[in-house]
Amino acid sequence: MKLTDLIRPNLIAVGVHVNDWQEAVRESGRLLVEDNAVEPRFVDAMIESVKEFGPYIVLAPGFAMPHAKAEAGCIKTSMSLITLTEPVEFGNPDNDPVHVVAALTAKDHSEHIGALSQLADVLANDTVVDELAAAKSVEEILKIINSYIE
């Protein structure tokens, strides 16, 4: 499964306003709920995971990837991506503040590995989070992602 199989246009939102990290997670999760990729309880599970384990989901400067276990309500493997109008603090001193949030839901332990590998390649570029954060449209987001994986 490729990254672009997971992040489809209807799972991207640009310029989302949130007040804190929990709203950022909720907004990224809302797209997954609307796509029937997860049950609403999955969004709560993503927030509880951060509360329990800390801001480990802030994987790179400015980039967070909330997720939860499949049993928390995953219907199909997917990923949403939102950019924030104003960055928010998750409590990760190395990688805060966060501008881009990509929520992941995976039905099993292997289906999404190829996509995550591609995401790691994308994030290896120091400017990509800033490029994504500055994007003005869904099409621009997809173009940026594709430029790093092709």
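Q: Where does Ser78 lie?
A: In this predicted model, Ser78 is part of strand 4.

Q: Buried or exposed, that Ser78?
A: Buried, because its relative accessibility is 0%, and the cut-off for buried is under 20%.

Q: What does the side chain of Ser78 make a polar contact with?
A: With the side chain of Arg8, at 3.5 Å.

Q: And which residues does Ser78 touch, leaving out those up to four places away in sequence?
A: Leu6, Arg8, Leu11, Leu32, Asp35, Ala37, Ala103, Leu104 and Thr105.

Q: Arg8 and Asp35 are both on that list. What links them with Lys76?
A: A network of salt bridges joins Arg8, Asp35 and Lys76. Ser78 touches two members of that network, Arg8 and Asp35.

Q: How many salt bridges does the structure hold?
A: Seven.

Q: OK, give me one in helix 2. What does Arg30 pair with?
A: Glu34, with the closest N and O atoms 2.8 Å apart. The two are four residues apart in helix 2, so about one helical turn separates them.

Q: How exposed are the two partners, Arg30 and Glu34?
A: Arg30 is partly exposed at 32% relative accessibility. Glu34 counts as exposed, because its relative accessible area is 52% and exposed means over 50%.

Q: What about helix 3, which residue does Lys51 bridge to?
A: Glu48, and there the closest N and O atoms are 3.7 Å apart. Lys51 and Glu48 sit three residues apart in helix 3, which again puts about one helical turn between them. Both are partly exposed, Lys51 at 48% and Glu48 at 44%.

Q: And Arg41, what's its partner?
A: Arg41 forms a salt bridge with Glu39, the closest N and O atoms being 2.6 Å apart. Arg41 is partly exposed with a relative accessible area of 43%, and Glu39 is partly exposed too, at 31%.

Q: Let's stay on helix 3. How far apart are its end C-alpha atoms, and what should its 14 residues span?
A: The ends are 21 Å apart. At 1.5 Å a residue you'd expect 20 Å, so the two values agree.

Q: Which residues of helix 3 are buried?
A: Phe42, Val43, Met46, Ile47, Ser49 and Val50. Looking down the axis of helix 3, the buried residues fall within an arc of 150 degrees, so they line one face of the helix.

Q: What's on the face turned away from the buried side?
A: Pro40 and Glu52, both exposed.

Q: And what covers the buried residues of helix 3?
A: Helix 2 and strand 5 are included in that cover.

Q: What follows helix 3?
A: Gly54, with a positive phi near 90 degrees.

Q: Which residue other than glycine has a positive phi, near 60 degrees?
A: Asn36. Asn36 is in the loop between helix 2 and helix 3, and it counts as exposed because its relative accessible area is 52%.

Q: Why does a phi like that catch the eye?
A: Because most residues other than glycine have a negative phi.

Q: Now peptide bonds. Which one is cis?
A: The bond from Asp96 to Pro97 is cis, with omega near -5 degrees. Pro97 belongs to the loop between strand 4 and strand 5.

Q: On to the packing. How many residues does the largest nonpolar core have, and which have the most contacts inside it?
A: That core has 29 residues, and those with the most contacts inside it are Ala24, Phe42, Met46, Ile82, Leu84, Phe90 and Val101.

Q: Which elements give two or more residues to this core?
A: Strand 1 (12-16), helix 2 (21-34), helix 3 (40-53), strand 4 (78-88) and strand 5 (98-105). Phe42 and Met46 also turn up among the buried residues of helix 3.

Q: What is Ala24 in contact with, leaving aside neighbours within four places in sequence?
A: Val18, Ile82, Leu84, Val88, Phe90 and Val101.

Q: What lies apart from the largest core?
A: Another core, of 25 residues, including Val100, Val128, Ile144 and Ile145.

Definitions and conventions: Residues numbered from 1 in each chain as written. Predicted model: local features only at pLDDT ≥ 70, side-chain atom pairs only at ≥ 80, totals over all residues. Heavy atoms only, no water. Core = buried A, V, L, I, M, F, W, Y, C linked by side-chain atoms within 4.5 Å. Buried < 20%, exposed > 50% of the residue type's maximum accessible area, 1.4 Å probe, protein only. Contact = heavy atoms within 4.5 Å. Expected span 1.5 Å × (residues − 1). Arc of directions from axis to C-beta. Polar contact = N/O pair within 3.5 Å; in protein donor to acceptor, adjacent residues only side chain to side chain. Salt bridge = Lys/Arg side-chain N within 4 Å of Asp/Glu carboxyl O.
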